[in-house]
Amino acid sequence: MPRVRFAPSPTGFLHIGSARTFIFNWLYARHMGGTMILRIDDTDVGRNSEASLTSIYEGLRWLDLGWDEEYRQSERLALHQRMAEAIFANGLAYRDFTPAEAAQGEKSGAHGTWLFHTGMREMATAESDRRAAAGEPFALRFRVPRDRERQVRFTDCVYGEQAKSTADIEDFALLRSDGLPTYHLASCADDADLRISHIIRGQDHLTNTFKHVLIFEAAGVAAPQFAHLPLLVAPDGTKLSKRRHGPVVSVTTYRDAGFLPHAFINFLCLLGWSPKDDRERLTRQELIDAFSLEGINRSNAVVNFTEADPFDPKAAHFNAELIRTMPVEELAERLLPFVRAAGHQVEPGIMAQIAPLIQERIKLLRDVLTAADFFFVEELAPYDAAELIPKKGDAALALRVLERAGEVLATADFSHDGLEAALRQAAQDLGLKAGQMFEPIRVAVCGRKTAPPLFGTLAALGRQTSRKRIGQAIEKLKPI
RNA sequence: GGCGCUAUCGUCUAACGGUUAGGACAGAGCCCUCUCAAGGCUUAAAUACGGGUUCGAUUCCCGUUAGCGCUACCA
């Protein structure tokens, strides 16, 4: 059974590229009947933060996919140490006493490639032991084989055969001078110990993998399979990052805007992977069934956001489609928190009446605040009285319509069908087209021309509010 | 600079070496209609460039160009 892991480091919020990596790992595990492991890679004590740990858990919890086992690297330092010692004992690592700050100058070698600090790699064992015993701080470095130039090789499940000359791999650090493991060491030690079978991670690790292959080899353990994922990039082509692109790359931004977790997952899955048929909207189970490493492609995918709209239109479209097809009761329930968070009090009963009116008119849950705003306030925001005048009509006509509407609504049956019948009849009586009749009423009760369907809106608003707003509209119109 | 990876409509993508290069989103138009949506129909839009290999390249190989990634005692 495959064992896969998602290994975020708590040094920033959970970003959408990480979320996609998590999802692909999860999908692979579920498809294969394997185990999904969450491992917090927190060996960089200086950069860890409680806030980012919270952000990661929040984001993952929202995705609602779950995992089977959980570990924290900081609790496994002894294991990492042991692997470092084993490699050192095999003669494949050496102590580097170069002070961390002093390492700059040597960064570029003869061909522009830095390989190791002179004097350290070839230091005699006796001197190395003596200086270590004397308490001089050192980093432990991997002794990349240099006697004969050879190729480090592995087969990536996505990118295929990979090879790199050892002449192009520097003597990377295994342990820092404070004794803590570096990412490379800790990651490999844990992957080996947790018996990870497939490492599915971002393509930014593709070149690091050569180092990892070297580590596994030096420690005498078999390397897992590797599958690198094409990167998610911004419209400018660069890797998504908080610094450059801001909160649009954070999972919680999507959550807070009112994305449904599954719409978000569905969208992310189609970035760098395809089921190879024309399906685009897939249920969770369909994703599990269709997912395979072979379906992953090799080129970076652009997340198409702008300053004006932080969300990729396709993501928004998937969300809108999911909203449209969900039971209205569920929609009402999901909408409520957004309305309340904006400081409005709404009865669940009213929300249930509003939900079907906006169901096919919103893309994000938070759109309820702009699509249905007039339901939530006692007084309408000020609007121009001219809005009340219908096409091919004048103020006098609008006035006549509203006065008649006021009368009709006083006695009409306040159901969708009752209102429709009464208002259509009224239009006929006035010798008007339905549209001419409805437009002034719509503006009077909603405060604008673009709004949900009129009869359902009036029914949800209720007789009292509807008549009051029509009365106010008449007052606005009189001076004209 | 060195090393690695990538290259199909604006974006995400599909295409045993043989297709009028398909789909989706976004765009445009029409229909439906109480506005807006939703829905239906129609439309515009791509194989980076140059060489090979082949009867035939989007597909295989080489080069060019461009982009990205790595090049830390970060992960």
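Trainee: In this predicted model, does Ala-100 count as buried or exposed?
Mentor: The relative accessibility of Ala-100 is 60%. The cut-off for exposed is over 50%, so Ala-100 counts as exposed.

Trainee: Where in the chain is the place of Ala-100?
Mentor: Two elements flank Ala-100, β4 (93–96) and α4 (125–133). The place of Ala-100 is in the loop between them.

Trainee: How many Å apart in space are Ala-100 and Ala-371?
Mentor: In sequence, Ala-100 and Ala-371 are 271 residues apart. In space, taken from C-alpha to C-alpha, the value is 58 Å.

Trainee: Which residues come nearest to RNA strand B?
Mentor: There are 64 residues around RNA strand B. By kind, they divide into 19 nonpolar, 24 polar and 21 charged. Those that come nearest are Thr-98, Arg-176, Glu-360, Arg-361 and Arg-442.

Trainee: Of the atoms of RNA strand B within 4 Å of the protein, what percentage belong to sugar or phosphate?
Mentor: These atoms belong either to bases or to sugar or phosphate. The part that belongs to sugar or phosphate is 71%.

Trainee: Which residue has a backbone N or O atom 2.4 Å from a base oxygen of RNA strand B?
Mentor: Two contacts go to phosphate oxygens through side chains: Arg-141 at 2.4 Å and Lys-239 at 3.1 Å. The contact to a base oxygen, at 2.4 Å, uses a backbone atom of Ser-177.

Trainee: Which element gives the most residues to the surface near RNA strand B?
Mentor: Several elements give two or more residues to this surface, including β5 (139–142), α5 (183–193) and α11 (313–325). The one that gives the most, with four residues, is α11.

Trainee: Along strand β6, which side chains point to one face and are buried?
Mentor: In a regular strand the side chains alternate between the two faces of the sheet. In β6 (residues 151–156), Gln-151, Arg-153 and Thr-155 point to one face and are not buried. The buried ones, on the other face, are Val-152, Phe-154 and Asp-156.

Trainee: In β7, which residue is the bridge partner of Val-152?
Mentor: A hairpin of three residues joins β6 to β7. The two strands pair in the antiparallel sense over six bridges. In β7, the bridge partner of Val-152 is Lys-164.

Trainee: How many aromatic pairs does the structure hold, and of what kind is the pair of Phe-6 and Phe-22?
Mentor: The structure holds 15 aromatic pairs. For Phe-6 and Phe-22, the centres are 5.4 Å apart and the planes are at 90 degrees. Planes over 60 degrees apart count as edge-to-face, so this pair is edge-to-face.

Trainee: Why does this pair tie together parts that are apart in sequence, and how many residues apart are they?
Mentor: Phe-6 is buried, with a relative accessible area of 4%, and Phe-22 is buried at 0%. Phe-6 lies in strand β1 (residues 3–6) and Phe-22 in helix α1 (residues 16–32). The pair therefore ties together parts whose separation in sequence is 16 residues.

Trainee: Which residues are linked by ring pairs into a cluster with Trp-62?
Mentor: Trp-62 and Phe-264 form a tilted pair, 5.4 Å centre to centre, and both are buried. Trp-62 is in helix α2 and Phe-264 in helix α9, 202 residues apart. Linked with Trp-62 in the cluster are Tyr-254, Phe-259, Phe-264 and Phe-311.

Notes:
Residues are numbered from 1 along each chain as its sequence is written. Chains are lettered from A and ligands numbered from 1 in the order in which they are written. This is a predicted model: local features need pLDDT of at least 70, side-chain atom pairs count only at pLDDT 80 or more; totals for chains, interfaces and linings use all residues. Side-chain values use heavy atoms; hydrogens and water are left out. A residue is near a molecule or strand if one of its heavy atoms lies within 4 Å of it. A polar contact is a pair of N or O atoms within 3.5 Å; within protein, one must be able to donate a hydrogen and the other to accept it, and residues adjacent in sequence count only if both atoms are side-chain atoms. Ala, Val, Leu, Ile, Met, Phe, Trp, Tyr, Cys and Pro count as nonpolar, Asp, Glu, Lys and Arg as charged, and the others, Gly among them, as polar. Buried means under 20% relative accessible area, exposed over 50%, partly exposed in between (1.4 Å probe, protein chains only). Two strands pair if DSSP finds at least two bridges between them. Rings of Phe, Tyr and Trp (its six-membered ring) pair if their centres lie within 6.5 Å; planes under 30 degrees apart count as stacked, over 60 as edge-to-face and the rest as tilted.
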